[in-house]
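Please open the structure in your viewer and keep the selection tool at hand. The tour goes from the whole chain to a single helix, and then to a single residue in a loop.

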Amino acid sequence: MRELPTSQDDDHRPPLPPRPGTSAGADPKSLQAQATTAITPMEVQTLSFPDGSRGTFPTPGPDSIPSPADSGHATPSRRDASIAGEAPDDAASVMSFAPTMRPAGDIASLLGGELHKKSPAWNMLRSQSATVQPFEKTRTGPGDRLSNFDDEFTQLPEETNKNFEDDEKLLMWKSKLKHYLILSSAGKPIWSRHGDLSLINSSMGVVQTIISFYEGAKNPLQAFSAGDTRFVIATQGPLYFVAISKLGESDSQVRAQLEALYMQILSTLTLPRLTSIFVHRPSSDLRKPLEGTESLLSSLADTFTKGSPSALLGSLECLKLRKSQRNTINNTFLKLRTEKLLYGLIVAGGKLVSVIRPRRHSLHPSDLQLIFNMLFESGGIKGGGGENWIPICLPAFNNKGYLYMYVSFFEGASGEQASSPAGVEGRPAGEEIAMVLISADRESFFELKQMRDNVAQQLAKNGTLAIMQNASRAGRPKPHEIAPGSQVSHFLYKSRANVQFCMASLEPTFTELVERRRLMAVYHELHASIHAKHSHLKVLHCVGEDVTSLAWITPVFEFYCVAGPNVSRATITQGANKIIQWAKREEERLFIIGGGVF
């Protein structure tokens, strides 16, 4: 056996070989170790991405064990990179995602032809400009899965359409990037966002068999991957909800969307009725009880597919008003309320303007999302015009019974309905303003109607109706108006205490459907990474070939923003700071704090 050297042998050890790149006579000061933020040693590997960028990521050591959430699918972010140490002025840890710079190549060959917008030289020079908008360089060829995103919401041919064979219809169904399926535990199809149920019945049967197999093994299936497609399953009593997505969202984000679809069903049936239907007949067909609500489910699903900041952040957007103006609206509401009123809302273009409520009760954002979807997305209420009296269950408030909702849209100061083309500023109903009065009394229609007339008359008289219309017409602020000189192109800011958010205008860069989806994909990725289980990140900085993005969370707020390519961390952080300071100064205008209480 080889003996260990003793301390007496230390003086006789051979000299260490020189370090690579140094000579034996190098200055000792040059060999001193620099400060490092590494806690444990780890290997670093290089990762190449489909868009051509490259990055580094740490490889776990042999003792590390992946969590169950990590098995079977990719991490929330596709651009993992080296963990950077905190800058001296950083208040939290920062992870930077940066592509490796590639050599420019032969400049003469780049300039060998005519200099035009599609030439390599133009693209190279353009990429160095700080004014490049996000996604301007994004591929639009066959390799880009969003290149045909405009067709995502095109209705598939009906079963009776003989111009298409079943195989063609099925191929078109499979080409969709996002599917939502609802079926019963007995395998009965209930609803699908795309495709006739008779066409995809066999596919639903396969899904039901897979889910049932894992339930029988007492190991419920929650999600799995097939190629670049992610399947997420949520079981709610006798119902199975399935999302099939190629859009790169995290499981938790998709599961929240499935939960919203379940809430939409409960808003129509209530939980006791849904339960009783399947208790007596487990193979019941739920399509008939849900008849007429397909448009609500479809509009909600399409909102998620397009990308919904409200759903992503789990919060509401409010109309920006002066504090004194909002107080005037609240006081008018409170002064003229009827005794049978439970909740009163004024909503402008999908943004909450005013809410009055009992002191011990508040409406959950998920319930308000159902109401907003009904008013501004599905078109069911708005299309009929006039007054609407709707029994509705608000599941987060009470999933066992109905409330009764009176809805009426305001008329403009000129006597005409306040409206504008759909899609402006991302508001499906433009500047339309609705009053929503909710009561537990089914006989309260006429009292609520009288209250609506009184409030509308008073708001028109004191000028606040015109103020609401002007504020809604003005739209959202643009980043350069808030932070002049900033490189930020768009942002989301959430007030965690108020469960409300504000966002920048989608104009002019993100008004198109595809560009909006690309923007929301970046926000989904940031949100998933910074909210990952066991994550201690507070600031996340991500650099890609065509976009630079930043996420920043504190106990007070969540902030997400994007900028063009090649924007430094210092530059985007400076712009973020300006916007956050603006949001703090404007807090009482941007958010409803407390609301009207009786």
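**The whole protein**

Begin with everything displayed as a cartoon, where the protein shows 17 helices and 21 strands; bear in mind throughout that this is a predicted model. If you now colour by burial, buried residues make up 45% of the 598 residues in the protein. Switching to a surface view, you are looking at an accessible surface of about 31,100 Å², of which carbon and sulfur atoms hold 53%. Among the contacts in the protein with a separation of 6 or more, 65% are accounted for by residues 24 or more positions apart.

**Helix α9**

Next, select residues 323-335, which form helix α9. At 1.5 Å a residue, the 13 residues of α9 should span 18 Å, and its end C-alpha atoms are indeed 18 Å apart, so the expected and modelled spans agree. Within this selection, show the side chains of Q325, R326, I329, N330, T332 and F333, which are the buried residues of α9. They cover an arc of only 160° around the axis, and therefore they lie on the same side of α9.

**T270, between two helices**

Finally, move to T270, which you will find in the loop between α5 (251-269) and α6 (271-280). Is T270 buried or exposed? Its relative accessibility is 5%, and because buried means under 20%, T270 counts as buried. To see what T270 touches beyond its neighbours within four places in sequence, add C393, N399, K400, G401 and Y402 to the selection, since T270 is in contact with these residues.

Definitions and conventions:
Residues numbered from 1 in each chain as written. Predicted model: local features only at pLDDT ≥ 70, side-chain atom pairs only at ≥ 80, totals over all residues. Heavy atoms only, no water. Helix = DSSP H or I, 4+ residues; strand = E, 2+ residues; numbered from the N terminus. Expected span 1.5 Å × (residues − 1). Buried < 20%, exposed > 50% of the residue type's maximum accessible area, 1.4 Å probe, protein only. Arc of directions from axis to C-beta. Contact = heavy atoms within 4.5 Å. Areas by Shrake-Rupley, 256 points an atom, 1.4 Å probe, with all protein chains shown as cover.
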